[in-house]
Amino acid sequence: MHLHGHNFFVLAEGQGEWDGKITNYPSTTRRDTQIVQGSKDANTPGYLVLQYDTDNPGVWPFHCHIAWHVSAGLYVNLMEQPVEIRKRSVPQTVVQTCRDWSVHSGNEVVEQIDSGFTGYNDLLISYLVTASLRPKTHEEVL
């Protein structure tokens with residue numbers, strides 16, 4: 001699993017149900033990607049227990065790097081500090097990139113055989129989601 005915008009601490013990992021014990025203390029691994037252990041069988045899944053500091057306002061993708069896992073839904077956006085996010089504004093170049101992409105994607109449909117996850121696009125989408133949360137200025141409303 002990979003978390004954008006942060007490093008996390010791996011507190012525990014294993015198979016079955018987590019018993020609530022932190023097994024990697026005091027030397028927890030600090031990283032932004034960690035492999036989840038495979039299932040022992042259909043009733044004994046792998047698990048991963050993470051901790052990260054919520055000190056970076058934004059909407060951050062947390063996902064698997066295996067494309068078909070992402071296609072199957074192993075991807076979430078984690079919103080952090082929404083009040084701080086609302087204070088930010090989107091640079092005009094990003095707004096124009098979105099407009100250009102909208103025009104392009106409306107005319108050019110690409111046959112997609114994987115998840116389409118590219119990292120860059122997901123960061124752009126996260127930035128735009130973040131931007132859409134901020135209050136509009138008086139000029140933007142008019």
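Here is a short walk through one chain, from its overall make-up down to a few residues.

Hi everyone, thanks for coming. Please keep in mind that we are looking at a predicted model. So let me begin with confidence. The average pLDDT of the chain is 78, and 73% of the residues reach at least 70. The stretch to be careful with is residues 119–142, where the pLDDT is below 50. In the model, that stretch still makes 32 contacts beyond its near neighbours in sequence. Where pLDDT is low, please don't read the predicted coordinates in detail.

Now the overall picture. The chain has five helices and six strands. Reading from the N terminus, the order is β-β-β-β-β-α-β-α-α-α-α. There are 142 residues in the chain, and 27% of them are buried. The accessible surface is about 9,900 Å², with 54% of that belonging to carbon and sulfur atoms. And if you take the contacts between residues at least 6 apart in sequence, 68% of them join residues at least 24 apart.

Let's turn to the strands. One group of three makes an open sheet, in the order β3-β2-β4, with antiparallel pairing. Why do β3 and β4 each have one side without a neighbour in the sheet? Because β3 (29–31) and β4 (46–51) are at the edges, and each has a single partner strand. On average, and ignoring direction, neighbouring strands in this sheet are turned by 40° against each other. If you'd like a place to start on screen, find strand β2, residues 8–15, which pairs antiparallel with β3 over three bridges. Within that pairing, Phe9 has Arg30 in β3 as its bridge partner.

Next up is β5, residues 58–63. How many of its six residues are buried? The answer is six, so this strand is mostly covered, going by the cut-off of under 20% relative accessible area. Looking at the two faces, Gly58, Trp60 and Phe62 point one way, while Val59, Pro61 and His63 point the other way, and all of these are buried.

What does β5 pair with? With β6, it runs antiparallel, and six bridges join the two strands. One example is Val59, whose bridge partner in β6 is Met79. With β1, the pairing is again antiparallel, over two bridges.

That brings me to His2, which is in strand β1, residues 2–3. Across the pairing, His2 stands opposite His63 in β5. Is His2 buried or exposed? His2 counts as buried, because its relative accessibility is 11% and the cut-off is under 20%. Leaving out residues up to four places away in sequence, His2 touches Asp32, Thr33, Pro61, Phe62, His63 and His65. There is also a polar detail to look at: the His2 side chain reaches the backbone oxygen of Asp32 at 3.1 Å.

One last residue, and it's a nice one to check on a backbone plot. Gln81 is not a glycine, yet its phi is positive, at about 55°. Where is Gln81 found? It is in the loop between β6 (75–80) and α2 (82–86). Gln81 is partly exposed, because its relative accessible area is 31%, and partly exposed covers the range between 20% and 50%.

To recap, please remember three places: the open sheet β3-β2-β4, the buried residues of β5, and His2 opposite His63. And for residues 119–142, keep that pLDDT below 50 in mind. Thanks, and I'm happy to take questions.

How values were computed
Residues numbered from 1 in each chain as written. Predicted model: local features only at pLDDT ≥ 70, side-chain atom pairs only at ≥ 80, totals over all residues. Heavy atoms only, no water. Helix = DSSP H or I, 4+ residues; strand = E, 2+ residues; numbered from the N terminus. Buried < 20%, exposed > 50% of the residue type's maximum accessible area, 1.4 Å probe, protein only. Contact = heavy atoms within 4.5 Å. Areas by Shrake-Rupley, 256 points an atom, 1.4 Å probe, with all protein chains shown as cover. Polar contact = N/O pair within 3.5 Å; in protein donor to acceptor, adjacent residues only side chain to side chain. Pairing = 2+ DSSP bridges. Axes fitted to C-alpha atoms, helices over the stretch in contact; angles between N-to-C directions. pLDDT = per-residue confidence, 0-100.
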